Amino acid sequence: MKSADVLILVGASILLVVFILQTWAVPTTIAAGEEYVVKYDLSEGDTFSLVVEEGSVRPTVLLPSEDYYFGDDSDDEWSYVAEESGVHSFKILAICNEPSGCIDSSSVIDYSVSR
């Protein structure tokens, strides 16, 4: 086997592993009453998507213009389309809707950005 063939095989394997790791989504767990903040530098038209796998959350977006955008906490799927370019701060508050109390209650979310 030629050394060039080995290098091509190794390079293709590394590239494949990078693609798999980029698309691998690990859900985030937030305890009830706690806030999770993630920041993205979005361009106009980019979409931030949030899927609530377990529990309930209330999303809030701090826009680059220092204004706030409040999301609806009744949906299991939520998305925000950027209307202006800049750094957007997404604050996700885990809330409790259980009448018996919120001890050891948490929410599980998965989020992504589409450009």
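Select Ser107 together with the residues around it in this predicted model. Leaving out residues up to four places away in sequence, Ser107 touches Thr28, Thr29, Ile30, Glu54, Gly55, Ser56, Val57, Ala94 and Ile95. Ser107 itself belongs to strand β8. Is Ser107 buried or exposed? Its relative accessible area is 2%, and the limit for a buried residue is under 20%, so Ser107 counts as buried.

Next, display the polar atoms of this side chain. One of them lies 3.1 Å from the backbone oxygen of Ser56. Then add Leu93 to the selection: its C-alpha atom is separated from that of Ser107 by 9.2 Å, although the two residues are 14 residues apart along the chain.

**The sheet that contains β8**

Extend the selection from Ser107 to the strands of the sheet. In what order do the four strands of this open sheet stand? The order is β1-β8-β3-β6, and the pairing is antiparallel. The edge strands are β1, residues 28-31, and β6, each of which pairs on one side only. From one strand to the next, the twist averages 25 degrees.

Select β8, residues 106-114, with β3. These strands pair in the antiparallel sense over seven bridges. As a marker for this pairing, label Val51, which stands opposite Asp110 in β8.

Now turn to β3 and β6, the latter covering residues 77-81. How many bridges pair β3 and β6? There are five, again in the antiparallel sense. Two residue pairs can be labelled here. Ser49 has Ser79 as its bridge partner in β6, and Leu50 stands opposite Trp78 in β6.

**Asp46, in the loop before β3**

Move to Asp46, which is placed in the loop between β2 and β3, where β3 spans residues 47-54. Its relative accessibility is 7%, and Asp46 therefore counts as buried. Which residues are in contact with Asp46, apart from its neighbours within four places in sequence? They are Tyr80, Val81, Ala82, Ser114 and Arg115.

Two distances are worth displaying at this position. A polar atom of the Asp46 side chain lies 2.8 Å from the backbone nitrogen of Ser43. In addition, the side chains of Asp46 and Arg115 are joined by a polar contact of 3.4 Å.

**The sheet that contains β7**

Select the second group of strands to be visited on this tour. They form an open sheet of four strands in the order β2-β7-β4-β5, with antiparallel pairing. Why is one side of β2 and of β5 left without a neighbour in the sheet? Strands β2 (35-42) and β5 (68-70) stand at the edges and have a single partner strand each, so one side of each remains without a neighbour. The twist in this sheet averages 20 degrees from one strand to the next.

Within this sheet, select β4, residues 56-62, and β5. Three bridges join these antiparallel strands. Label Val61 and its bridge partner in β5, Tyr69.

Continue to Ser89, found in strand β7, residues 86-95. With a relative accessible area of 9%, Ser89 is buried. Show its contacts, setting aside neighbours within four places in sequence: they are Val38, Lys39, Thr60, Val61 and Leu62. Val61, one of these contacts of Ser89, is the residue whose bridge partner in β5 is Tyr69.

**The whole protein**

Finally, clear the selection and colour the protein by secondary structure. It contains one helix and eight strands, arranged along the sequence in the pattern α-β-β-β-β-β-β-β-β. The radius of gyration is 19 Å, whereas the globule rule gives 13 Å for 115 residues; the value is well over that figure, so the protein is more spread out than a compact globule. Along its principal axes, the C-alpha trace spans about 70 × 35 × 20 Å.

Switch to a surface display. The accessible surface comes to about 7,800 Å², and carbon and sulfur atoms contribute 54% of it. Of the 115 residues, 27% count as buried; Ser107, Asp46 and Ser89 are residues in that category. As for contacts with a separation of 6 or more, 76% are accounted for by residues 24 or more positions apart.

Terms used:
Residues numbered from 1 in each chain as written. Predicted model: local features only at pLDDT ≥ 70, side-chain atom pairs only at ≥ 80, totals over all residues. Heavy atoms only, no water. Pairing = 2+ DSSP bridges. Helix = DSSP H or I, 4+ residues; strand = E, 2+ residues; numbered from the N terminus. Axes fitted to C-alpha atoms, helices over the stretch in contact; angles between N-to-C directions. Rg over C-alpha atoms; globule rule 2.2 N^0.38 Å. Buried < 20%, exposed > 50% of the residue type's maximum accessible area, 1.4 Å probe, protein only. Contact = heavy atoms within 4.5 Å. Areas by Shrake-Rupley, 256 points an atom, 1.4 Å probe, with all protein chains shown as cover. Polar contact = N/O pair within 3.5 Å; in protein donor to acceptor, adjacent residues only side chain to side chain.
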